[in-house]
Amino acid sequence: MSEIKAFIFDLDGVITDTAEFHYRAWKRLADEEGIPFTREDNEALRGVSRRESLARLLKGRPITEEQAQAWMARKNGYYQQYLTEITPGNLLPGATDFLADARTRGVKIAVGSASRNARTVLDSLQITDQLDAIGDGYSVTRSKPAPDLFIWVAGRLDLPPGRCAVFEDAEAGIDAALAAGAYAVGVGPAERVGHAHLRLPNGLADITVPECLERLGNL
Ligand code: BG6
Ligand code: MG
C-alpha cells in the first residue's frame, strides 16, 4: 500500500489551460499601459497571487494603490471574459482519466489554487462534484510559495501533508509543496519545476496513477 493517500492538484496549468488566459489578460493590460511584457516575463507570474503578479509585471515601476486596485480589477475582468468560454473540453490531456482513476483506487483528490476564480473554473469544467476538497485564493492569507494553502487543503482532507502529492506547474507552487512537506510533482520544464520529486514534462498524460504512486513511493 502506498503511503500517499491524496493528490492535490494546482488548477491553472495542471488540470486546465487557463495559465494561457492569465497571460493574455495581463498582456492586454500591459499593452494598454505601455509596459513591456513578454511570455518569458510571464513565467515569473505563474502560480503567484494577483497582487504579486502585478508587482512582478511592474518590475519596480511606481503606481498608486488606487491604480493598482483598478489595474487588478481590469485584468480580472479580461480574465473572466475568457472564462465564459471554458467547457470540459478545456481539461488538459490526461486529466479526466487520471482524476477518475485516482478515485477508483481510493486516492482522495483535491484542488489547491491561488486563484479567486478557481470555483468558477471548476464548475465550468464540471469536476467540482468529484473533488474531496477545494482550496482557492480565499482559503489562506499567505499565498504560494508559502506552504499555507497545501497545509490547509491537507487539513480539509484530514491528512498530514506528508501523505499528499501535490501537482504543480509553477516554481512557486513546487516551493510551497516542498515547504509543506508534501510530495511534489512538477508539470513542465526542468528550469521551472526541476526541484520537484518527480517531473511530468507534458502533464498528467505522461503517467498513470499506479506508476505515479510507485515512483513517488520508491524515492
Ligand atoms: C494562479 C495562477 O493559479 O492564480 C496565477 O497561476 C494567478 O497566474 C493566480 O495570478 C491568482 O488568480 P486570480 O484568478 O485570483 O487572479
Ligand atoms: Mg498553476
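Colleague: How far does a polar side-chain atom of S53 lie from an oxygen atom of ligand 1?

Modeller: The distance is 3.3 Å in this model. Keep in mind that the model is predicted.

Colleague: And S115? How far is its side chain from a ligand oxygen?

Modeller: An N or O atom in the side chain of S115 sits 2.6 Å from an oxygen atom of ligand 1. For the side chain of N117, the matching distance to an oxygen atom of ligand 1 is 2.7 Å.

Colleague: How much of ligand 1 does the protein bury?

Modeller: The protein buries 97% of it. That is out of the 390 Å² that ligand 1 exposes when taken alone.

Colleague: How many residues surround ligand 1, and which are the closest?

Modeller: There are 14 residues around ligand 1. The closest are D12, R50, S115, R116 and N117.

Colleague: New topic. How is the protein divided?

Modeller: Into two parts. Domain 1 covers 6–16 + 88–217. Domain 2 covers 19–83.

Colleague: Where does that put the ligand's neighbours?

Modeller: By those bounds, S115 and N117 belong to domain 1, and S53 belongs to domain 2.

Colleague: What separates the centres of the two domains?

Modeller: 24 Å, taken over C-alpha atoms.

Colleague: How many residues are in contact between them?

Modeller: 13 residues of domain 1 are in contact with 13 residues of domain 2.

Colleague: What area is buried there?

Modeller: About 1100 Å² between domain 1 and domain 2. Carbon and sulfur atoms give 49% of that area.

Colleague: Which residues of domain 1 lose the most area to domain 2?

Modeller: D12, N117 and R192. Together they make up 39% of what the domain 1 side buries. D12 and N117 are also among the closest residues to ligand 1.

Colleague: How many salt bridges cross the interface?

Modeller: The rule finds two between domain 1 and domain 2. There are also five residue pairs in polar contact across that interface.

Colleague: What classes of residue are on the domain 1 side?

Modeller: Where domain 1 touches domain 2, the count is four nonpolar, four polar and five charged residues.

Colleague: Last one. Which side chain meets R46 in a salt bridge?

Modeller: The side chain of D169 does, at 2.5 Å from N to O.

Terms used. Residues are numbered from 1 along each chain as its sequence is written. Chains are lettered from A and ligands numbered from 1 in the order in which they are written. This is a predicted model: local features need pLDDT of at least 70, side-chain atom pairs count only at pLDDT 80 or more; totals for chains, interfaces and linings use all residues. Side-chain values use heavy atoms; hydrogens and water are left out. Domain bounds come from an automatic or database domain assignment. Contact means heavy atoms within 4.5 Å. Buried area is the accessible area (1.4 Å probe) that two parts lose on being put together, summed over both. A salt bridge is a side-chain nitrogen of Lys or Arg within 4 Å of a carboxyl oxygen of Asp or Glu. A polar contact is a pair of N or O atoms within 3.5 Å; within protein, one must be able to donate a hydrogen and the other to accept it, and residues adjacent in sequence count only if both atoms are side-chain atoms. Ala, Val, Leu, Ile, Met, Phe, Trp, Tyr, Cys and Pro count as nonpolar, Asp, Glu, Lys and Arg as charged, and the others, Gly among them, as polar. A residue is near a molecule or strand if one of its heavy atoms lies within 4 Å of it. Accessible areas come from the Shrake-Rupley method with a 1.4 Å probe; for residues, only the protein chains shown count as cover.
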